[in-house]
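Biologist: I would like to learn how to read helix packing, burial and internal space in a model such as this one. Could we begin with how two helices are compared?

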Amino acid sequence: MQRRRLGRTDIHVSAVCLGTITWGQQNSEADGHRQMDYALEQGVDFWDTAEMYSVPTRAETYGRTEEIIGSWFAANGKRDKVILATKAAGPDATLPWIRGGESRFDRANLRAALEGSLRRLKTDCVDLYQLHWPERELNNFGVLAFQEETPLGTDFEETLAALGDLVREGKIRAVGLSNESAWGAMRYLALADQGKGPRMASIQNVYSLLNRSFEVGLSEVAIREQCGLLAFSSLGMGVLSGKYLGGQRPAGARATLFPSYTRYFRTPNAEAAAAAYVKLAREQGLEPAQMALAFVISRPFVTACIIGATTMVQLEADIAAATVKLPEPILKEIEAIHARYTYPCP
């Protein structure tokens with residue numbers, strides 16, 4: 001398993017990151033433990049979670065994923081074998097069970113969020129602590145058009161100072177962003193360079209063959225500032241595996257269980273783009289999901305590709321994608337499809 005440096009830190013992580021978003025709803029505690037066992041055996045030692053997981057988020061399952069990870073640590077004492085990342089939720093009035101829906105990135109909220117995560121994870125330190133989404137409105141999750149200016153929320157300097165306190169206390173090793181823009185990332189990085197707090201080591205955003213918008217603006221930030229991408233949703237909720245083509249909805253699949261996640265199906269070119277990528281992979285003798293993941297892993301601005309699986313068969317195939325090298329002719333075909341169907345699923 002290839003290892004890559006996390007930002008400018010002394011932390012190195014596996015190029016494949018184990019995602020945990022399904023543990024606690026689609027996957028049981030036992031499932032989560034099996035996935036962690038297998039991933040670690042395969043050299044995947046970088047795991048990502050969040051205080052709000054599992055998803056779809058509900059009051060009844062808030063924090064459950066972290067609890068499953070914590071119970072695995074408690075059972076086998078392998079905390080020191082894992083690079084562990086989690087996230088603090090931003091404000092969202094529709095999530096009143098997370099600090100009253102006012103979970104901002106000020107000192108009090110960040111401390112409360114982290115201490116809750118540490119308690120559930122049964123550890124005294126997380127290796128990477130991320131801001132899950134900005135306090136301001138952005139054009140993400142299905143939107144590419146310009147959004148009207150909205151309030152910024154907590155001053156970025158206060159957020160960095162609060163994170164700096166937690167780093168000095170030994171509760172965090174590194175900090176990162178998630179669902180952030182090029183402006184937001186550069187603002188945090190500039191303030192850190194001015195000595196206002198710790199430097200962001202990574203940015204966790206959507207990136208896949210169906211949504212390559214990260215390449216515009218943010219890819220340069222990732223490379224030049226050594227603030228690499230932790231790519232999530234790299235199979236477009238499984239769409240790039242081909243299992244949903246032609247209106248199929250396999251029993252137990254994520255989009256079958258949670259049909260409100262629609263942007264990978266109902267945007268104008270979603271089906272056509274996914275079908276084109278799946279066809280290319282099969283013509284080349286590749287598993288479609290592995291081709292999609294191998295493309296993401298190969299990008300120079302990517303630190304790690306986050307994978308998520310509900311079955312062990314899926315997990316084994318996804319981890320194996322790290323060994324797939326895409327030859328230049330396939331990469332050229334991928335670019336040709338991208339030119340026909342650009343950002344079909346933002």
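Modeller: Axes are lines fitted to C-alpha atoms, for helices over the stretch in contact, and angles run from 0 to 180 degrees between N-to-C directions; helices (H or I, at least four residues) and strands (E, at least two) are DSSP runs numbered from the N terminus. This is a predicted model, in which local features need pLDDT of at least 70 and side-chain atom pairs count only at pLDDT 80 or more, while totals for chains, interfaces and linings use all residues. Residues are numbered from 1 along each chain as its sequence is written, and side-chain values use heavy atoms, with hydrogens and water left out.

Biologist: At what angle do helix H2 and helix H3 pack?

Modeller: Helix H2 (residues 64-76) and helix H3 (residues 107-121) pack at about 45°, their axes being 7 Å apart. H2 is therefore oblique to H3, given that angles under 35 degrees count as roughly parallel, over 145 as roughly antiparallel, 65 to 115 as roughly perpendicular and the rest as oblique. Glu66, Glu67, Ile69, Gly70 and Phe73 of H2 make the contact (heavy atoms within 4.5 Å) with Ser117, Arg120 and Leu121 of H3.

Biologist: How is burial read, and how many residues of helix H10 are buried?

Modeller: Buried means under 20% relative accessible area, exposed over 50%, and partly exposed in between, with a 1.4 Å probe and protein chains only. In helix H10 (residues 288-298), 10 of the 11 residues are buried, so H10 is largely enclosed by the rest of the structure; among the buried residues are Pro288, Met291 and Phe295.

Biologist: How is empty space found, and how many cavities of 30 Å³ or more does the structure hold?

Modeller: Rolling a probe the size of a water molecule over the atoms shows where empty space is left. On a 1 Å grid over the protein atoms alone, a cavity is a set of points where a 1.4 Å probe fits but cannot get out, and a pocket is an open set with protein on both sides within 12 Å along at least five of seven lines; lining residues have an atom within 4 Å of a point. The structure holds two cavities of 30 Å³ or more. The largest has about 90 Å³ of space, and Phe105, Pro134, Glu135, Glu180 and Tyr188 are the closest to its centre of the 14 residues that line it.

Biologist: Which residues line the second largest cavity?

Modeller: Val239, Tyr244, Leu245, Tyr264, Phe265, Ala270 and Glu271 line the second largest cavity, which has about 40 Å³ of space.

Methods:
Points joined across faces, edges and corners; volume = space filled by probe spheres on them.
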